[in-house]
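This report describes how one protein chain is built up from its helices and strands. Please look at the sequence and the model before reading on.

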Amino acid sequence: MRYDALVYGPLFCDLIFTELDEFPSLGTEIFAKEFTIAIGGSAIVAAGLQRLGAKVGLIADLGNDPFSQVAASLLDGLGIDRRLIRTHRQPLPQLTVALSYPHDRAFITRFEKPAQPHNLAAILREHPSKHLHIGSFLAAYDALNAAQIAHEVGTTVSFDPGWDEAALLDEQVHQVAAEVDYFMPSRSELCYMMGEEDVQTALDKALSRMTNGTIIMKNSSQGVLAHTADKTITVTALPVTPIDTTGAGDAFDAGFIYGLVNNHSLEDCCRYGAVCGALATTAVGGATGTPTHEEVKTWLSKLPS
Ligand SMILES: Nc1ncnc2c1ncn2[C@@H]1O[C@H](COP(=O)(O)OP(=O)(O)OP(=O)(O)O)[C@@H](O)[C@H]1O
Ligand SMILES: [Mg+2]
């Protein structure tokens, strides 16, 4: 199978509580007025790409536990190709409980690492693909030489680290970020990783460590910035009223990668991402609310320039 893009990273069953009046404190119970189960993690990037019309392969793992079964049926409902997903004959409960408020959220996640990482070199040989996305620091640890493997077969690579204090300071994660073509952190991830409060200093420091890459820094309602050795492009956010910001970053990644595999300019890739990221905040769950290619085209005209 020849894919436009491969997405490598754990998927999660997201249990999302919304319409919460307050934040829970120890010894108390709060009640959510709404609840949704959605697919999370790397599957949000795959779902976004799928909805846009790209051929996407998701490299992930499922077990035989109830949460994996729910995740599998959510993937099927979204029409996501499961050929590259290994289903283990043991429980692999990968789930996130999200308490979601209109402008921010808190998560509790359980991640179960499979005994063996995927063989990326073999997958890329068997499934030549234009692009490989490493979705989260969790996948980076199992893909330390991913950029080298991918570049040998002419595949470009992106990496979205996600938030984890230890991982963001880990030299191995820094190395993965340095070697990819597109490093895609959020503003807070980038600043934390570089130990800098000033964004420009963090951007310059991160770029100076990269072999030949571009930094795509996501900045929530402030939009996004693409930083290369010779230019910085800023794209303003699409004005929307967010309901649930879970997965906006992954939805952005999907739009950006869709632009890449369709040979769009760096600025247009950011614009595609900005539309997908913004629309993902208007529905509960990162994989819902993301647009089709036709819908992106309509929304692009509404993006402030
Ligand atoms: N409130 C918003 N209004 C408009 N656009 C938004 C909003 N939140 C996010 N976006 C769009 O989505 C992109 C990614 O969102 P964000 O910066 O929150 O990523 P993130 O911190 O990586 O998120 P996540 O925690 O989901 O990974 C932003 O760069 C922006 O273009
Ligand atoms: Mg993110």
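The chain holds 12 helices and 13 strands. Helices (H or I, at least four residues) and strands (E, at least two) are DSSP runs, numbered from the N terminus. The model is a predicted one: local features need pLDDT of at least 70, side-chain atom pairs count only at pLDDT 80 or more, and totals for chains, interfaces and linings use all residues. Residues are numbered from 1 along each chain as its sequence is written, chains are lettered from A and ligands numbered from 1 in the order in which they are written, and side-chain values use heavy atoms, with hydrogens and water left out.

**Overall size**

A compact globule of 305 residues would have a radius of gyration near 19 Å, and the 18 Å of the chain agrees with this. The radius is taken over C-alpha atoms, and the globule rule is 2.2 Å times the number of residues to the power 0.38. Along the principal axes, the C-alpha atoms fill a box of roughly 50 × 45 × 40 Å.

**The sheet of four strands**

Strands of a sheet pair through backbone hydrogen bonds, either parallel or antiparallel. Here two strands count as paired if DSSP finds at least two bridges between them. One open sheet has four strands in the order 3-2-6-7, and its pairing is mixed. Strand 3 (34-41) and strand 7 (104-110) are at the edges with a single partner strand each, so one side of each has no neighbour in the sheet. From one strand to the next, the twist averages 20°; angles run from 0 to 180 degrees between N-to-C directions, and axes are lines fitted to C-alpha atoms, for helices over the stretch in contact.

Five bridges link strand 2 (residues 11-18) with strand 6 (residues 95-101) in the parallel sense. Ile16 has Ala98 of strand 6 as its bridge partner. Helix 1 (residues 42-52) packs on this sheet, where it touches strand 2 and strand 3, and its direction makes about 85° with that of strand 3. Contact means heavy atoms within 4.5 Å.

Strand 6 and strand 7 run antiparallel and are joined by seven bridges. Val97 is partnered by Ile108 in strand 7. The hairpin from strand 6 to strand 7 passes through two residues.

**The sheet of nine strands**

Another open sheet, also with mixed pairing, has nine strands in the order 5-4-1-8-9-10-11-12-13. Its edge strands, strand 5 (85-87) and strand 13 (232-235), each pair on one side only. Strand 1 (residues 3-8) pairs with strand 4 (residues 56-62) in the parallel sense over four bridges, and Leu6 has Gly57 of strand 4 as its bridge partner.

Helix 8 lies across strand 9 (156-160), strand 10 (182-183) and strand 11 (214-218), at about 120° to strand 11. Helix 10 (residues 248-261) also packs on the sheet, touching strand 1, strand 8 (129-135), strand 9, strand 10, strand 11 and strand 12 (224-227), and its direction makes about 165° with that of strand 8.

**Helix against helix**

Three helix pairs are set out below, with the angle and the distance between their axes.

| Helix pair | Angle | Axis distance |
|---|---|---|
| Helix 8 and helix 9 | about 70° | 9 Å |
| Helix 11 and helix 12 | about 100° | 10 Å |
| Helix 10 and helix 11 | roughly 145° | within 7 Å |

Helix 8 (residues 187-194) and helix 9 (residues 199-209) pack at about 70°, which makes helix 8 roughly perpendicular to helix 9. Angles under 35 degrees count as roughly parallel, over 145 as roughly antiparallel, 65 to 115 as roughly perpendicular and the rest as oblique. Their crossing is left-handed: the near helix is turned anticlockwise from the far one by less than a right angle, whereas clockwise would be right-handed. Residues in the contact include Leu190 and Met194 of helix 8 and Ala202 and Ala206 of helix 9. By class, this contact has seven nonpolar, no polar and three charged residues. Ala, Val, Leu, Ile, Met, Phe, Trp, Tyr, Cys and Pro count as nonpolar, Asp, Glu, Lys and Arg as charged, and the others, Gly among them, as polar.

Helix 11 and helix 12 are likewise roughly perpendicular to each other. Among the residues that meet are Tyr272 and Leu279 in helix 11 and Val296 and Trp299 in helix 12. The contact of helix 11 with helix 12 divides into seven nonpolar, one polar and one charged.

Helix 10 passes helix 11 in a right-handed crossing. The residues that meet include Phe252 and Gly255 in helix 10, and Tyr272 and Gly273 in helix 11. The contact of helix 10 with helix 11 has 13 nonpolar, four polar and no charged residues.
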